[in-house]
Amino acid sequence: MSLSLLLPSSRPATRLPRVLPERPLRAVLLGCGTVGGGVLDGLRDGFAGDVTVEAILVSRHRTGRAPGRFFTEAESVFATGPRLVIDCLPDGELAETLLDEALRSGADIVSANKAVIARRPDFAVRARERGQILRYAAAVGGELPVLETLAHVRSEGRSILSVAGVLNGTSNFVLDRLAEGASLDTAIRAAQALGFAEADPTADLEGRDAAAKLTLIARAAFGVDPSRITLEAIAEDTPERVREAAASGYRLRQVATVRAADSGIEASVSLTPRAPGDPLGDVRDEENAVRISCHGGDTILLTGRGAGREATASSVLSDVSQIIAQRCGQ
Ligand code: HSE
């Protein structure tokens, strides 16, 4: 991960009472796939004494998993009385229902679920009203501190003009493979095998995944959601466009942009050729790059791994650390 111009000296802290002096913090994990598995390993290796994972919600039982710890029913997971719910479920009705349940339970929440958080802005409002912490750094930019940086910029009283970025690692990976001559199907299958793609990869390719991230960015940068986001999908004609761009030394990229305009918030996800030396063009494979343009001419650039087990899990674990710090004072 690299950052230029400005780095928050520390991640912003919400002022909340330290109501959880007891350690370890009792946590449950919703989902144990690519990201959830990485989070579980990270909690075991780096959070001993701080967090205990009381229960893990999985879609099916597998041999080798400790009985009494893995459950296929959410009721059994919530019955353990968690103070922290970590959501690594794929997008869908189940994730939305269980985040709602987590809010009702009074627990603090860490979620990697951009689509649910994007379409349910009320979750953050309810959490704030009830004094619960809801953090979702992993929902945008993998290991990049995109939302934290936007919050920091705004906390300094600086206003943001626009945010543009490569926000979807799968699309970037696929476009790179197409540039090497792979077929669209082969490129998508490789992205799935590496754990970058969503359960439904059309969300990546059609720009819906980037659009959900863009909604969270708009919320953090401008305090409102875009009323509309125009989308351009990676489709059958994309390999030809990749070749045309490459013939001029350019790289086709899925670029998500949001800016404040007189008419409101303008937002789009489109496929655009980027010149060599352009940071949004130079990102490779599953990397993401985000450029934040502020009033007064300052530009902040964040680049790093945007998808995959380690990148996303490390961001989830960073949110867990923040909650421990906020609640327990370290
Ligand atoms: N499918 C997403 C991507 C995962 O490729 O960027 C990380 O949000």
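This is a short tour of a predicted model, going from the whole chain down to the ligand.

**Whole chain.** Start by colouring the protein chain by pLDDT. The mean is 93, and 93% of the residues reach 70 or more. Now select residues 5-15, where the pLDDT is below 50. Beyond near neighbours in sequence, this stretch makes 20 contacts in the model. Don't linger over them, because predicted coordinates should not be read in detail where pLDDT is low.

**Domains.** Next, give each domain its own colour. Domain 1 comes in two pieces, 25-142 and 310-328, while domain 2 runs over 146-306. If you place a marker at each C-alpha centre, the two markers sit 26 Å apart. Where the domains meet, domain 1 puts 16 residues into the contact and domain 2 puts in 17.

**Around the ligand.** Select the ligand and show what surrounds it: you should get 13 residues. The closest are Lys114, Thr170, Phe196, Glu198 and Asp204. Colour the shell by residue type and you'll find five charged, four polar and four nonpolar residues.

**Polar contacts.** Zoom in and try the distance tool on these three:

- Gly169: a backbone N or O atom is 2.8 Å from a ligand oxygen atom.
- Phe196: here too a backbone N or O atom is involved, 2.7 Å from a nitrogen atom of the ligand.
- Asp204: this time look at the side chain, where an N or O atom lies 2.7 Å from a ligand nitrogen atom.

**Surface and helices.** Switch on the protein surface. On its own the ligand has 250 Å² of accessible area, and the protein covers 94% of that. To finish, select α7 (169-179) and α10 (208-222), the elements that each give two or more residues to the ligand shell.

Terms used:
Residues are numbered from 1 along each chain as its sequence is written. This is a predicted model: local features need pLDDT of at least 70, side-chain atom pairs count only at pLDDT 80 or more; totals for chains, interfaces and linings use all residues. Side-chain values use heavy atoms; hydrogens and water are left out. A residue is near a molecule or strand if one of its heavy atoms lies within 4 Å of it. A polar contact is a pair of N or O atoms within 3.5 Å; within protein, one must be able to donate a hydrogen and the other to accept it, and residues adjacent in sequence count only if both atoms are side-chain atoms. Accessible areas come from the Shrake-Rupley method with a 1.4 Å probe; for residues, only the protein chains shown count as cover. Helices (H or I, at least four residues) and strands (E, at least two) are DSSP runs, numbered from the N terminus. Ala, Val, Leu, Ile, Met, Phe, Trp, Tyr, Cys and Pro count as nonpolar, Asp, Glu, Lys and Arg as charged, and the others, Gly among them, as polar. pLDDT is the predictor's confidence in each residue, from 0 to 100. Contact means heavy atoms within 4.5 Å. Domain bounds come from an automatic or database domain assignment.
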